[in-house]
Amino acid sequence: MSTASAAGAPAADGELLPITVKADSYVNKVQMMTNQQAIELTRKYLMPTYAQLPVAFVRGEGAWLWDADGKQYLDFVGGIAVIGVGHCHRRVAEAICRQARTLMHTSNLYHIPPAAQLARRLCELSFADRAFFANSGAEANEAAIKLARKWALCNNKPGRDVVTAYQSFHGRTLATVTATGQEKYHKNFAPLPPGFKYAPFNDIQALAQVIDDNTCAVMLEPIQAEGGINVPDDDYLPQVRQLCDERGVLLILDEVQTGLGRCGKWFAYQHWGITPDIMTLAKSLGGGFPIGACLATEQVANCFQPGDHASTFGGNHLACAAALATLEVLQDEGLVDNAARMGALIKALFAERMEDGLAIKQIRGHGLLLAVQFADDVPAKQVEAACLQEGLVVNAMGDDRLRLAPPLVIGEEECCRAVDIICQAVIAVTG
Ligand SMILES: Cc1ncc(COP(=O)(O)O)c(C=O)c1O
């Protein structure tokens with residue numbers, strides 16, 4: 001049988017060791033696929049849950065991607081706010097490889113040193129005292145919802161309902177999709193679990209009316225991400241915090257998308273000088289490796305007792321090693337501050353173009369979680385396609401805006417280039 005050492009992996013000491021694979025193995029077949037072949041195979045064998053653009057990325061480095069046909073792209077989506085430290089950051093890749101060669105998984109029946117270290121680090125960085133690890137944002141939110149209900153039970157409070165905001169997004173499991181305040185994600189999946197109520201975002205009076213004796217928690221994204229990058233007024237979140245305290249309910253902040261430097265601070269709540277009782281993280285926590293976290297204050301976290309919640313893979317050695325390296329890179333490379341600086345630069349660059357009469361209404365967001373809101377006659381999907389053609393990956397949200405969530409490692413040159421390509425695309429599609 002013929003063999004080939006097509007792929008390599010860094011050893012614990014950083015050396016590349018050859019991996020021997022059969023020449024006709026699926027590993028090799030994947031490496032030799034074109035865009036078209038990947039598209040055809042996807043269409044035949046994957047469930048059709050995604051409306052995918054006609055490109056298959058196969059390699060990444062920093063803020064750059066390459067597709068299966070060898071074309072290079074500047075990535076201003078970052079796996080939807082996942083790739084904070086840049087694609088395939090060497091220190092994250094090495095931490096994953098080292099841990100993979102040492103120990104990938106044991107049950108949570110036993111202590112997991114990387115999970116303990118990661119929990120400590122996240123607590124040092126945030127308001128929190130304890131962590132629970134999951135594998136995704138939705139799972140982190142499931143943990144948060146269960147924890148809030150258990151807290152209410154432990155404190156003899158009658159409430160079990162969670163109040164969320166219209167236009168929110170909290171995940172796709174049945175509980176988190178119900179928490180998501182958007183009808184379009186609910187339809188077709190009834191019956192939905194009870195125990196969720198909704199209030200308009202950024203409207204403190206409306207929220208005050210929805211919270212009642214049946215409420216145990218309010219759950220919000222500090223900036224609504226999937227809902228359109230909706231930034232609340234300066235006084236909204238402080239008022240929400242006060243309202244939760246007055247009514248004796250918990251404040252859960254879903255920072256799955258906004259957290260870990262994305263918005264120019266370690267956590268978006270720091271923009272408003274408040275702290276939540278529970279916070280969830282995922283997306284960029286593992287530098288591209290799947291991991292989610294539910295963090296809470298001591299008083300709330302201790303309501304969970306053995307047996308209350310669990311996850312086979314949650315907090316495994318490999319994911320936690322990836323996350324520890326990711327946090328170190330964010331810190332050592334000053335990426336949180338870079339996100340704030342580059343976000344401000346992108347806003348300024350667009351502001352200049354808007355003065356020149358370009359059909360953009362507004363650019364909003366914090367740090368590197370931004371929405372480019374177009375004038376009514378600009379079809380966002382067409383702009384997205386035109387940008388892709390020109391080697392820039394951006395994300396059309398709805399009909400009228402783009403989301404920009406590039407890796408936090410981007411520099412000035414990349415910002416200028418991205419803004420140029422977007423502006424040219426707007427001109428091209430509006431004729
Ligand atoms: C704010 C927020 N919460 C939760 C989720 C769900 O995360 P996941 O897709 O990892 O389950 C997302 C995903 O986009 C999100 O943006």
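These are my notebook entries on helix packing, one stretch of sheet and a few backbone details in a predicted model.

**Entry 1, helices α13 and α15**

I began with the pair formed by helix α13 (residues 335-355) and helix α15 (residues 412-430), whose axes lie 10 Å apart and make an angle of about 35 degrees. I then looked up the hand of this crossing and found that α13 and α15 cross in the right-handed sense. On the α13 side I noted Met342, Leu345, Ile346, Leu349, Phe350 and Arg353 as the residues that make the contact, and on the α15 side Glu412, Cys415, Cys416, Val419 and Cys423. Sorted by class, this contact of α13 with α15 holds nine nonpolar and two charged residues, with no polar ones.

**Entry 2, helices α5 and α12**

Next I turned to helix α5 (residues 113-125) and helix α12 (residues 317-332), whose axes come within 8 Å and cross at roughly 35 degrees. Is the crossing of α5 and α12 left-handed or right-handed? I find that α5 passes α12 in a left-handed crossing. From α5 the contact takes Pro114, Ala115, Gln117, Leu118 and Arg121, while α12 contributes His317, Cys320, Ala321, Ala323, Leu324 and Leu327. I put the classes in this contact of α5 with α12 at eight nonpolar, two polar and one charged.

Alanine 321 came up again when I followed cysteine 97, a residue of helix α4. Cysteine 97 and alanine 321 are 224 residues apart in sequence, yet their C-alpha atoms are 9.5 Å apart in space. I class cysteine 97 as partly exposed because 19 other C-beta atoms lie within 10 Å, whereas a buried residue needs 20 or more.

**Entry 3, strand β9 and its partners**

I then moved to strand β9 (residues 215-220), which is mostly covered, with six of its six residues buried. Which strands are joined to β9 by bridges? Strand β7 (residues 161-165) runs parallel to β9 and is joined to it by three bridges, and strand β10 (residues 250-254), also parallel to β9, is joined to it by four. For β7 I noted that aspartate 161 has threonine 215 of β9 as its bridge partner. For β10 I noted that leucine 253 is the residue opposite leucine 220. Between β9 and β10 the chain passes through helix α10 (residues 236-247), and I record this β-α-β crossover as right-handed.

**Entry 4, backbone details in loops**

As background for this entry, most residues other than glycine have a negative phi, and most peptide bonds are trans. I therefore looked for departures from both patterns.

The peptide bond from alanine 190 to proline 191 is cis, with omega near 5 degrees, and I place proline 191 in the loop between α8 (183-186) and β8 (196-199).

Cysteine 88, although it is not a glycine, has a positive phi of about 50 degrees. I find cysteine 88 in the loop between α3 (78-81) and α4 (90-102), and I call it partly exposed because 15 other C-beta atoms lie within 10 Å.

Asparagine 202 also has a positive phi, near 65 degrees, in a residue other than glycine. Its place is the loop between β8 and α9 (204-210). Why do I list asparagine 202 as partly exposed? The reason is that asparagine 202 has 19 other C-beta atoms within 10 Å, and a residue counts as buried at 20 or more.

Technical notes
Residues are numbered from 1 along each chain as its sequence is written. This is a predicted model: local features need pLDDT of at least 70, side-chain atom pairs count only at pLDDT 80 or more; totals for chains, interfaces and linings use all residues. Axes are lines fitted to C-alpha atoms, for helices over the stretch in contact, and angles run from 0 to 180 degrees between N-to-C directions. A crossing is left-handed if the near helix is turned anticlockwise from the far one by less than a right angle, and right-handed if clockwise. Two residues are in contact if their C-beta atoms, placed from the backbone, lie within 7 Å. Ala, Val, Leu, Ile, Met, Phe, Trp, Tyr, Cys and Pro count as nonpolar, Asp, Glu, Lys and Arg as charged, and the others, Gly among them, as polar. A residue is buried if 20 or more other C-beta atoms lie within 10 Å of its own, exposed if 12 or fewer, and partly exposed in between; C-beta atoms are placed from the backbone. Two strands pair if DSSP finds at least two bridges between them. A crossover is right-handed if, with the strands pointing away from the viewer, the path from the first strand over the helix to the second runs clockwise.
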